[in-house]
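Student: I should like to work through this structure with you, one question at a time. Shall we begin once it is displayed?

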Amino acid sequence: MSEKTTFASIWATLSQVDVSDRIEKKGDLSYLSWAWAWGTLMEHYPQAEYSFQEPETAADGSVMIYCTVTIDGLSRQMWLPVMDYRNRAIPSPNAFQVNTARMRCLVKCLGIWGLGWSIYSGEDLPNAEADKAAEKLKQEQNPPKMNDETHAEIVRLISWTKADEAEFLKYFKVARISDLTQPHAEIALQKLQIKQNEMEMAYQDKDK
């Protein structure tokens, strides 16, 4: 006797499907091909069906699409406005735009069954790569402060090369050396080391 299909069992099956290499991007939108998503659903639940309900038109002319997916008598509904690739609602959409939104709504409805749900939870990838990408972005937006070792070396090199500290601070747009971020500090260190090498070579040539 086959096991009874439940909401939980469907979620357990579809949420395990890795969609990482199937995610496509257009502008700010991450999405799955409706053909691939539906084909994947058919591999697991060939008896599944979908339907679209009457769309709703708002006062500003934008349109809301409704889709229902039914599996073994169990149904879930999802909705989605007709949007452009920047995720902005389109007033008075044409037939092509409505058709595109219908298929996007179908994929979103499959998401609440578990297939590709990570896309709608704010993740682009349902694996460790998402965390790595997020951490990299965070560091780019909020770069780490310079560490003590780098700070000490920069102070030493400024003194050794007799660099103009005021011009140095102006160049990196900081009030104090300690305000440098680690990425900028590494650039500064590289420039000072080049200057140090040039001065050492000049001294050596002078002694010859």
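Student: In which helix is N99 found?

Tutor: This is a predicted model, and that should be kept in mind throughout. Residue 99 falls within the range 95-113, so the assignment follows from the helix boundaries. N99 is found in helix α3.

Student: Is N99 buried, partly exposed or exposed?

Tutor: The relative accessible area of N99 is 42%. Buried requires under 20% and exposed requires over 50%. Because 42% lies in between, N99 is partly exposed.

Student: What distance separates the C-alpha atoms of N99 and I65?

Tutor: N99 and I65 are 34 residues apart along the chain. In space, their C-alpha atoms are separated by 9.7 Å.

Student: What order of helices and strands does the protein chain follow?

Tutor: The protein chain has seven helices and six strands. Read along the sequence, the pattern is α-β-β-α-β-β-β-β-α-α-α-α-α.

Student: Is S20 buried or exposed?

Tutor: S20 is found in the loop between α1 (7-14) and β1 (23-26). Its side chain makes a polar contact with the side chain of D18, at 2.6 Å. The relative accessibility of S20 is 18%, which is under the 20% limit, and therefore S20 counts as buried.

Student: What is the phi value of D72?

Tutor: D72 lies in the loop between β5 (63-71) and β6 (74-81). With a relative accessible area of 41%, D72 is partly exposed. D72 is a residue other than glycine, yet its phi is positive, near 50°.

Student: Is K162 buried or exposed?

Tutor: K162 is found in the loop between α5 (148-161) and α6. Its phi is also a positive value in a residue other than glycine, near 55°. The relative accessibility is 70%, and the limit is over 50%, so K162 counts as exposed.

Student: Which elements give two or more residues to the lining of the second largest pocket?

Tutor: The second largest pocket has a volume of about 210 Å³. Its lining consists of A163, D164, E167, F168, Y171, F172, A188, K191, L192 and K195. The elements that give two or more of these residues are α6 (165-172) and α7 (182-207).

Student: How many residues of that lining are nonpolar, polar and charged?

Tutor: The charged residues of the lining are D164, E167, K191 and K195, because Asp, Glu and Lys belong to the charged class. Tyr counts as nonpolar, so Y171 joins the nonpolar group. The lining divides into six nonpolar, no polar and four charged.

How values were computed: Residues numbered from 1 in each chain as written. Predicted model: local features only at pLDDT ≥ 70, side-chain atom pairs only at ≥ 80, totals over all residues. Heavy atoms only, no water. 1 Å grid on protein atoms, 1.4 Å probe; cavity = no way out; pocket = protein on both sides within 12 Å on 5 of 7 lines; lining within 4 Å. Points joined across faces, edges and corners; volume = space filled by probe spheres on them. Helix = DSSP H or I, 4+ residues; strand = E, 2+ residues; numbered from the N terminus. Buried < 20%, exposed > 50% of the residue type's maximum accessible area, 1.4 Å probe, protein only. Polar contact = N/O pair within 3.5 Å; in protein donor to acceptor, adjacent residues only side chain to side chain.
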